[in-house]
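Visitor: I would like to learn how to read a structural model feature by feature, beginning with the general idea and then turning to the case at hand. Could you take me through one?

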Amino acid sequence: MPEQKGKRNCDRYDQEALISWSYFNTENFFNAKLLNYGESGLCFESEIKPQPGAGLYIRLEKLLPNLSGDKLHEGFRTVTLGEARWCKKIGVIGSHKYITGIKYYEPDY
């Protein structure tokens, strides 16, 4: 079942997956967990805080079982480029974690 759109222009779908990300054109990758995605972007949790406005390269490492039983929807990408639009620190005892919203870069045709 899609999440509510809120401020978004498209539906978001809950899906957990292990991903890795790096700043565009760099070789240092960081582990993260995909939380949800849609046609225009995704949201992930990481111990490293990406800089808002930065271009990121994101790739799927392992798809985790979707407890809702839904199939994958429009907007799911295994490899993508996007911009870190926002980043929020979340309260996790004993460590720092961040949730980051990514807007996909769209190709120019």
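Guide: What follows is a walk through the strands, the core, the aromatic rings, the charged pairs and the surface. Please keep in mind throughout that this is a predicted model.

Visitor: Let us begin with the overall architecture; how many helices and strands does the chain have?

Guide: The chain has zero helices and six strands, and read from the N terminus on, its elements run β-β-β-β-β-β. Of the 109 residues in the chain, 35% are buried.

Visitor: How should I read the nonpolar core, and which of its residues touch the most other members?

Guide: The general idea is that in soluble globular proteins, nonpolar side chains tend to be buried together. Here the largest nonpolar core has 16 residues, and those that touch the most other members are Leu-42, Phe-44, Leu-56, Ile-58 and Ile-102. At least two residues of this core come from each of S1, S2, strand S3 (41–46), strand S4 (55–63) and strand S6 (95–104), while S1 gives the most, with four residues.

Visitor: Next, the aromatic rings: how many aromatic pairs does the structure hold, and how is such a pair described?

Guide: In general, a pair of aromatic rings is described by two quantities, the distance of the centres and the angle of the planes. This structure holds six aromatic pairs. In one of them, the ring centres of Tyr-13 and Tyr-37 are 5.7 Å apart and the planes stand at 40°, so the pair is tilted. Because Tyr-13 lies in strand S1 (residues 12–23) and Tyr-37 in strand S2 (residues 30–38), this pair ties together parts that are 24 residues apart in sequence. Both Tyr-13 and Tyr-37 are buried.

Visitor: What geometry do Trp-21 and Tyr-23 form as an aromatic pair?

Guide: Trp-21 and Tyr-23 form an edge-to-face pair, with 5.4 Å from centre to centre and 85° between the planes. As for burial, Trp-21 has a relative accessible area of 0% and is therefore buried, whereas Tyr-23, at 24% relative accessibility, counts as partly exposed. Trp-21 and Tyr-23 also belong, together with Phe-30 and Phe-44, to one aromatic cluster. Phe-44 has already appeared among the core residues that touch the most other members.

Visitor: Turning to charged side chains, how many salt bridges does a search of the whole structure find?

Guide: The search finds four salt bridges, and a useful way to read each one is to note the distance, then the place of the partners, then their exposure. In one of them, the side chains of Lys-33 and Glu-16 meet at 3.9 Å, N to O. This pair links distant parts of the chain, with Lys-33 in strand S2 and Glu-16 in strand S1, 17 residues apart. Lys-33 counts as partly exposed at 26% relative accessibility, and Glu-16 counts as partly exposed at 38%.

Visitor: Which residue forms a salt bridge with Arg-59, and over the face of which residue does Arg-59 lie?

Guide: The salt-bridge partner of Arg-59 is Glu-61, and the closest N and O atoms are 2.8 Å apart. Arg-59 also lies over the face of Phe-29, at 3.9 Å from the ring centre. Both charged partners count as partly exposed, Arg-59 at 29% relative accessibility and Glu-61 at 46%.

Visitor: Where do the partners Glu-106 and Arg-77 lie?

Guide: Glu-106 forms a salt bridge with Arg-77, in which the closest N and O atoms are 3.4 Å apart. Since Glu-106 lies in the segment after S6 and Arg-77 in the loop between S4 and S5, the pair ties together parts that are 29 residues apart in sequence. The charged end of Arg-77 also sits over the ring of Tyr-104, 3.7 Å from its centre. Arg-77 counts as partly exposed at 28% relative accessibility.

Visitor: Finally, which residues form a nonpolar patch on the surface?

Guide: The patch is formed by Phe-24, Leu-81 and Tyr-105, which together have about 270 Å² of accessible area. Leu-81 is found in strand S5 (residues 79–92) and counts as partly exposed at 31% relative accessibility.

Visitor: And what is the phi of Asn-25?

Guide: Phi of Asn-25 is near 65°, a positive value in a residue other than glycine. Asn-25 has its place in the loop between S1 and S2, and with a relative accessible area of 70% it is exposed.

Note on methods: Residues are numbered from 1 along each chain as its sequence is written. This is a predicted model: local features need pLDDT of at least 70, side-chain atom pairs count only at pLDDT 80 or more; totals for chains, interfaces and linings use all residues. Side-chain values use heavy atoms; hydrogens and water are left out. Patches are made of residues with over 30% relative accessible area and no salt bridge: like charges are joined within 9 Å, nonpolar side chains (Val, Leu, Ile, Met, Phe, Trp, Tyr) within 5 Å. Accessible areas come from the Shrake-Rupley method with a 1.4 Å probe; for residues, only the protein chains shown count as cover. Buried means under 20% relative accessible area, exposed over 50%, partly exposed in between (1.4 Å probe, protein chains only). Rings of Phe, Tyr and Trp (its six-membered ring) pair if their centres lie within 6.5 Å; planes under 30 degrees apart count as stacked, over 60 as edge-to-face and the rest as tilted. A charge sits over a ring if NZ of Lys or CZ of Arg is within 6 Å of the ring centre and within 35 degrees of the ring normal. A nonpolar core is a set of buried Ala, Val, Leu, Ile, Met, Phe, Trp, Tyr and Cys residues joined through side-chain atoms within 4.5 Å.
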